[in-house]
Amino acid sequence: MNIIVREYQEKDLAYMIQIWNEIVEEGIAFPQEELLNIDSGREFFASQTYTGVAVDESTDKVYGLYILHPNNIDRCGHICNASYAVSSGSRGLHIGEKLVLDCMKQGRAHGFGVLQFNAVVATNIHARHLYERLGFTQLGVIPKGFRMKDGHFEDICPYYCEL
């Protein structure tokens with residue numbers, strides 16, 4: 001298996017939508033509640049500044065993806081935001097690290113100076129450890145900022161790093 005991260009292509013959409021929807025259905029990390037279909041997925045991923053996929057170079061199987069976009073506009077337009085999704089069957093293979101590192105590179109290439117995560121759920125320990133290991137700084141805690149799938153609330157932890 002030779003995993004690379006590259007810009008997504010039309011042929012990746014079915015895998016991407018499946019992985020994205022898996023995270024949405026888990027209800028413990030993404031704020032979205034609505035699932036993507038092929039049309040809404042195509043529109044959603046195309047609307048991002050950049051969408052990257054982690055794929056096996058020999059099989060074109062997608063193991064994860066990220067979306068990169070501005071966090072705000074105008075005077076805060078130099079700050080970007082991203083979301084990452086790794087298929088449940090490939091967690092633990094360091095796919096997330098490859099995605100975040102590529103995202104940081106793409107953020108710089110697209111003229112952003114800061115990468116900020118607005119809503120990392122406090123219980124998402126693996127993501128938090130990865131971000132901290134890669135040099136992100138936690139900005140604080142927003143108590144009860146995320147409604148979990150079962151209805152209870154968890155804290156969220158914003159993170160950032162300069163690109």
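1. Let's start with two helices. α3 and α4 sit oblique to each other, and this comes from a predicted model, so read every value here as computed. The reasoning is simple: the helices pack at an angle of about 45 degrees, and angles between 35 and 65 degrees fall outside the roughly parallel and roughly perpendicular classes, so they count as oblique. To find them in the viewer, look for residues 95-109 for α3 and residues 125-133 for α4. Their axes are 11 Å apart, and α3 passes α4 in a right-handed crossing.

2. Which residues meet where α3 and α4 touch? On the α3 side they are Gly96, Glu97 and Val100, and on the α4 side they are Leu130, Tyr131 and Arg133. Sorted by class, that contact holds three nonpolar, one polar and two charged residues.

3. Now compare the other helix pair, α1 (residues 13-26) and α2 (residues 38-46). Here the axes come within 10 Å and cross at roughly 95 degrees. That angle lies in the range of 65 to 115 degrees, so α1 and α2 are roughly perpendicular to each other. In this contact, Leu13, Met16, Ile17 and Trp20 of α1 meet Ile38, Gly41, Arg42, Phe44 and Phe45 of α2. By class, the residues are seven nonpolar, one polar and one charged.

4. On to the strands, beginning with β3, which covers residues 62-70. Is β3 largely enclosed or largely open? Seven of its nine residues are buried, so the rest of the structure largely encloses this strand. On one side of the pairing story is β2 (residues 50-56), which pairs with β3 in the antiparallel sense over six bridges. If you want a spot to check by eye, Thr51 stands opposite Ile67 in β3.

5. The turn between those two strands is worth a look too. The hairpin of β2 and β3 has five residues between the strands, and Asp60 there takes a positive phi near 65 degrees. As background, most residues other than glycine have a negative phi. Keep that in mind for point 7.

6. β3 also pairs with β4 (residues 79-86): seven bridges join them, and the two strands run antiparallel. Two pairs to click on are Leu65 with its bridge partner Ala85 in β4, and Pro70, which stands opposite Cys80 in β4. β4 then pairs with β5 (residues 114-121), but in the parallel sense, over two bridges. Cys80 turns up again here, with Leu115 in β5 as its bridge partner.

7. Two more residues have a positive phi without being glycine. Asp74 has a phi of about 50 degrees and is found in the loop between β3 and β4. His94 has a phi near 70 degrees and lies in the loop between β4 and α3. Are these two buried or exposed? Asp74 is exposed, with a relative accessible area of 70%, and His94 counts as exposed at 54%.

8. How many of β4's residues are buried? The count is eight of its eight residues, so the strand is mostly covered. Its side chains split by direction: Ile79, Asn81, Ser83 and Ala85 point one way, while Cys80, Ala82, Tyr84 and Val86 point the other way, and all are buried.

9. Take Ser83 as an example from that strand. With a relative accessible area of 18%, Ser83 is buried, because the cut-off for buried is under 20%. Leaving out residues up to four places away in sequence, Ser83 touches Trp20, Phe30, Leu65, Tyr66 and Ile67. Some of these names are familiar: Trp20 is among the α1 residues that meet α2, and Leu65 is the bridge partner of Ala85.

10. Last, look at His78, placed in the loop between β3 and β4. At 40% relative accessibility, His78 counts as partly exposed. What does His78 touch, once residues up to four places away in sequence are set aside? The answer is Phe112, Gly113 and Val114. For a sense of distance, His78 and Pro158 are 80 residues apart in sequence and 17 Å apart in space, C-alpha to C-alpha.

Notes: Residues numbered from 1 in each chain as written. Heavy atoms only, no water. Axes fitted to C-alpha atoms, helices over the stretch in contact; angles between N-to-C directions. Helix = DSSP H or I, 4+ residues; strand = E, 2+ residues; numbered from the N terminus. Parallel < 35°, antiparallel > 145°, perpendicular 65-115°, else oblique. Left-handed = near helix turned anticlockwise from the far one by under 90°. Contact = heavy atoms within 4.5 Å. Nonpolar A, V, L, I, M, F, W, Y, C, P; charged D, E, K, R; others polar. Buried < 20%, exposed > 50% of the residue type's maximum accessible area, 1.4 Å probe, protein only. Pairing = 2+ DSSP bridges.
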